[in-house]
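Q: Please take me through the structure below, setting each value against the definition that applies to it.

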Amino acid sequence: QQGIKPDKITFTSILSACSHVGLLDDCWHYFISMSKEYGITQTVEHYGCMIDLLSRAGQLDEVGDLIKKMPFEPDPAMWTNLLGACRIH
C-alpha cells in the first residue's frame, strides 16, 4: 500500500508466523500470493513452512500432495515434520 514490496525473506517470516499460530487459510493465501501477486518463486524454506503448518494441523494427505508437487526434493526437516505429525495424528 505504501510502495514497499515484500521479498522472499519477508514471506518466510510471514509463513513461519502463520504456521506457529495455526493460521492455515492465511498461510495458504500468502503462499499462493507470492507467485501470483508478487512474482516471487517459492523456495524450499517456504515449502517447509507450509509442510510444518499442514503437519501441525494434521492434514497429512495435503502434506503428501504438496511434497509431490514441489519442484525439488524434500529436505530432512520436512520429513521430520511429517513423521512427527504421523505419530501425533
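**Reading the values against the definitions**

Q: What separates Asp-52 and Arg-56 within helix H3?
A: Asp-52 and Arg-56 are four residues apart in helix H3, and therefore about one helical turn lies between them. Helices here are DSSP runs of H or I with at least four residues, strands are runs of E with at least two, and both are numbered from the N terminus. The model is a predicted one, in which local features need pLDDT of at least 70 and side-chain atom pairs count only at pLDDT 80 or more, whereas totals for chains, interfaces and linings use all residues. Residues are numbered from 1 along each chain as its sequence is written, and side-chain values use heavy atoms, with hydrogens and water left out.

Q: Why is the meeting of the Asp-52 and Arg-56 side chains called a salt bridge?
A: The term requires a side-chain nitrogen of Lys or Arg within 4 Å of a carboxyl oxygen of Asp or Glu. For Asp-52 and Arg-56 the N to O distance is 2.9 Å, so the pair satisfies the limit of the definition. In general, side chains of opposite charge can pair when their charged atoms come close. A search of the whole structure finds one salt bridge.

Q: How do you know which of the classes buried, partly exposed and exposed applies to Asp-52 and to Arg-56?
A: A residue is buried under 20% relative accessible area, exposed over 50%, and partly exposed in between, with a 1.4 Å probe and protein chains only. Asp-52, with a relative accessible area of 13%, is therefore buried, while Arg-56, at 45%, counts as partly exposed.

Q: Where do Lys-36, Val-21 and Met-78 fall on that scale?
A: Lys-36 lies in helix H2, and its relative accessible area of 70% makes it exposed. Val-21, in helix H1, is likewise exposed, its value being 60%. Met-78, in helix H5, has 1% relative accessibility and so counts as buried. Leaving aside its neighbours within four places in sequence, Met-78 is in contact (heavy atoms within 4.5 Å) with Val-44, Tyr-47, Gly-48, Ile-51 and Met-70.

Q: What makes Ser-55 count as it does in terms of accessibility?
A: Ser-55 is found in helix H3, and at 4% relative accessibility it counts as buried. Not counting residues up to four places away in sequence, Ser-55 touches Val-63, Asn-81, Leu-82, Ala-85 and His-89.

Q: What makes a set of residues a nonpolar core, and which members of the largest one touch the most others?
A: Such a core is a set of buried Ala, Val, Leu, Ile, Met, Phe, Trp, Tyr and Cys residues joined through side-chain atoms within 4.5 Å. The largest one has 20 residues, of which Leu-15 and Ile-51 touch the most other members. Helices H1 (8–21), H2 (24–36), H3 (44–56), H4 (60–69) and H5 (76–88) each supply at least two residues of this core, and H3 gives the largest share, six residues. Setting aside neighbours within four places in sequence, the contacts of Leu-15 are Cys-27, Tyr-30, Phe-31, Met-34, His-46, Cys-49 and Met-50. In soluble globular proteins, nonpolar side chains tend to be buried together.

Q: How do you know where on H4 its buried residues lie?
A: The buried residues of H4 are Val-63, Leu-66 and Ile-67. Seen down the axis of H4, they fall within an arc of 100°, and so they line one face of the helix; the arc is that of the directions from the helix axis to the C-beta atoms. These buried residues pack against H2, H3 and H5, whereas the face turned away from them carries the exposed residues Asp-61, Lys-68 and Lys-69.

Q: How do you know whether the radius of gyration of the chain agrees or disagrees with that of a compact globule?
A: The radius is taken over C-alpha atoms, and the globule rule is 2.2 Å times the number of residues to the power 0.38. For 89 residues a compact globule would have a radius near 12 Å, and the chain has 13 Å, which agrees. Along the principal axes, the C-alpha atoms fill a box of roughly 45 × 25 × 15 Å.

Q: Why is the pattern of the chain written with the α sign alone?
A: The chain has five helices and zero strands, and read along the sequence it follows the pattern α-α-α-α-α.
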